[in-house]
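Open the model in your viewer and get ready to select residues by number. We will begin at one residue and work outward.

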Amino acid sequence: MDLTERAEALPTEPGVYLFKNERGAILYIGKAQNLRARVRSYLGGGDGRYQIPALVDRARDVDVVVTHSVKDALLLENELIKRHKPPFNVRLRDDKQYLALRLEPKADWPRLTQVRRFRDDGAMYFGPYTSSSAMRDATSNLRRIFPLRSCSNAVFRDYRRRGRPCIEFQMKRCLGPCCDLVGADAYAELVNGTILFLKGRSDELVQELSRRMRAAGDAERFEEAAMLRDQIARVERTVERQQIVGERRVDRDVFGMARDGGEACVQVLHVREGRVVGAQDYAFSDVRIDDSALIGSFLGQYYGPEHERQIPSEVLTPGDVGDDGGLQSLLADTAGRKVGVHAPRRGPKLELVRMANRNAELSLARRLEARGSIDAVLAELQERLSLAALPRRIEGYDVSTLHGTLTVACRVAFENGRPSKPDYRRYRIKQAALDDDYAALREVFRRRLARADSEPLPDLFLVDGGKGHLGVLSAALADAGHSVDAVGISKERDLDGPSARVRRGGGLKAERLYLPGRRDPVLLPPSSRGLLYLQRVRDESHRFAIEFQRSLRSRQNFTSILEELPGIGPVKRRALLRELGSLRAIKEASIERLREVPGVSARDAAAIHGFFADLADSSEPDGS
Ligand code: SF4
C-alpha cells in the first residue's frame, strides 16, 4: 500500500501520526483533530509547509495512534517527540534557569524564598525571574522597603534560643521577629505590603501606606510616620522604573518568533500584573517545518506537565498554532481555570506580540553573528586536524575515580560552540576494575554507541587522554561500525620540549592532540582558537565530573548523617529503610508515617522529622 492509499484508510478521529522512512525510523510526529485530513494535506501538496516536500520524499509509511481528544494527542505527541527525537521535529531542550519567589502567608513569620518550581501547595509564587541576579535585585530592593526576615527556620530558632537578633537587625534589614522585637500585626503589615508590591498593585499599596502614615502622624507616632513616608518614596521610585505593558491584573505569556531559513528563535515574555518580569529565548537550528507547526510544537512542549510552569490567564502567540484547541484545553486542565490562547490581529495585544517578535529577531541576529565566528573556529579545526566533517557537534569524555572507591565518567556536548546541557550524561562504571581508565572508557563508549539510534552521534568525539585513550575510542567505533572523527587531548608532560607552550593552571604545559592512525601528536599554536575551543570542551568535562563526584560524596554524607541520628540505632535504621524503601522516602515522610514504622516511637518520629526539616531549611537558598 503506498502512502496515499494508506492516508485514505486512516481514521478521522483525533490522534498522533508518525511518518516513517523505509527502515521504519520515525521522521516526524504530529497531532491532529482529524488524522485522515491532516495526513492527506501533506500528501496532496496543498500543505505549503516549509520543506515539507523533503519529509514526503523520504516518508514511506505513516502510523497513527488514536486518542480521546486533541488535548490527549498533544500530550502523546510531546511524549513521543521526547522519546524518538525525530529529525523533522523541533525539540525543546529547556536548560534555562526558572526562578521564582515563594511566600507562605500562613507560616510563622513568613519570609521570601527562592525556588525553581511553581507548586500547588497553598503558598504564593511570584515571577518567573530569568536570572538569579534579576531576582536578587528585586528581593534586596524589596527588603529595603519591607524588611521581612531572611533567615532559614533553623537559624530563626537558633537566634530565638540565644535571645538576641542577628546582624540583619543591627543593619535594619530585619525587625527581629526571632526575639519578638516586632509585633505580629506590624509584621503582617510588612507581609501584606510585600504581596501587594509583588503583585504589581502599587497604587493600592501607596494608598494604604499613606493612610497609615496619616494615622501615625495624627497619633503623634512620628517615628512610625517617618518610616512609612520612606516606604512610600521607595515604592514610588521602584515602580517608576518598571515598564507597564497592556492592562494590569492580567498575567500573560507572550510568544514571538523570528526565522532565517532553518534557523529560528522563539522568545517568551512573562507579563505579570501588566509588567514584564522576565524573558527567555530558545534557539533552534535545522528547522524544516513551517512557522505554525514550529510554534505549535514548541508551545506543547513548553507547557508540558513535567516543567511545572506557572500558567498565566492568557497566552499570546505570533500566529495560529494549528492545534484545534488542544493547547487551550491542556492549559485549562493544568491551571484548573479558563486560559485564553490567542494570536492577536490588532490592538495592544498585537503590540505585545510584536515586541516579543522584535526581541526574537535581535536574539536570532546575535546568534547568527556568533555562528559566523564559530564557523571559522570549526573550519580551522576541520582543516588542521583533517576532520571528515565540520565539528558542529562535539562530545567530550572524562573518566575519574572517587577516593579509590568508585569510578565515574562524564560526557559533555557542545553544539555550534555552546554547551548543550540536556545532552550531558553521567556514567557510573559498572564492570571495569577501579583505576583501569581504559576499561572504564571501553564500557562508556560501548554504552554510548549502543544508543546511537536514539541519540544521534556527534561530528567529533573528544576524549581526555593520549594515544591509549584514543585507541579505546577508535576500537569502540570500529566495533560498532561507525565512522566518526575522534581526537584525544592531553597536556604535554613537563619533560617534553618547549614548543607551543601555553600557560594553564599556573604551569607551562602544551596541549597535544592525538589523531587516529597518526603516530605523532598535533601541536596547535597556543593562540589557535580551535585549540582553545577543544580545551573548553575538555575543561567542561572535568568540571562536570567534579560536580558528579561532589553529588556522590554528599549522598554518602547523607547516609552517614542518618547513621548519626541520636536515638536511632541500626535496628530502627534498618526498620525505617525496610518500611519506607529509601533515604529520600524517610526524608519526605510525615511524622504520622514515621510512627507507623515498627519500633519507631512518637519521640523518634518527631526527632527524625525535625532533623530533616532543619536540614532542608539550612540548605534552602536564602530569600535575600
Ligand atoms: S534578626 Fe531577623 S534575620 Fe536575623 S535571625 Fe532574627 S529573624 Fe532572622
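Select V266. Is this residue buried or exposed? V266 counts as buried, because its relative accessibility is 0%, and the cut-off for buried is under 20%. Keep in mind that you are looking at a predicted model.

Now colour residues 263-272. This is strand β8, and V266 is found in it.

Next, show the contacts of V266. Which residues does V266 touch, once neighbours within four places in sequence are left aside? They are F255, G256, M257, Q280, D281, Y282, F284, I295 and F298.

Pick F284 from that list. Draw a C-alpha to C-alpha distance from V266 to F284: it comes to 8.3 Å. Along the sequence, these two residues are 18 apart.

**The nonpolar cores**

Stay with F284. It is among the residues with the most contacts inside the largest nonpolar core. Add the others: Y17, F19, Y28, F255, F298 and Y303. Two of these names, F255 and F298, you have already met as contacts of V266. How many residues does the largest nonpolar core have? The count is 42.

Here is some background. In soluble globular proteins, nonpolar side chains tend to be buried together.

Select residues 291-302 next. This is helix α11, which gives six residues to the largest core, the most of any element.

Then move to L196, F197, V206 and L228. They belong to another core, of 33 residues, which lies apart from the largest one.

**The cavities**

Now look for empty space. Rolling a probe the size of a water molecule over the atoms shows where it is left. The structure holds three cavities of 30 Å³ or more. The largest has about 90 Å³ of space.

To find it, select C151, C166, E168, C174 and C178. Of the 14 residues that line the largest cavity, these are the closest to its centre. Colour α6 (153-162) and α7 (167-170) as well: each gives two or more residues to the lining. Helix α6 gives the most, with three.

What classes of residue make up this lining? Ten are nonpolar, two are polar and two are charged.

**The whole protein**

Zoom out and show everything. There are 20 helices and 20 strands. Of the 624 residues in the protein, 47% are buried.

Finally, turn on the surface. The accessible surface comes to about 30800 Å². Carbon and sulfur atoms account for 48% of that area.

Key. Residues numbered from 1 in each chain as written. Predicted model: local features only at pLDDT ≥ 70, side-chain atom pairs only at ≥ 80, totals over all residues. Heavy atoms only, no water. 1 Å grid on protein atoms, 1.4 Å probe; cavity = no way out; pocket = protein on both sides within 12 Å on 5 of 7 lines; lining within 4 Å. Points joined across faces, edges and corners; volume = space filled by probe spheres on them. Helix = DSSP H or I, 4+ residues; strand = E, 2+ residues; numbered from the N terminus. Nonpolar A, V, L, I, M, F, W, Y, C, P; charged D, E, K, R; others polar. Core = buried A, V, L, I, M, F, W, Y, C linked by side-chain atoms within 4.5 Å. Buried < 20%, exposed > 50% of the residue type's maximum accessible area, 1.4 Å probe, protein only. Areas by Shrake-Rupley, 256 points an atom, 1.4 Å probe, with all protein chains shown as cover. Contact = heavy atoms within 4.5 Å.
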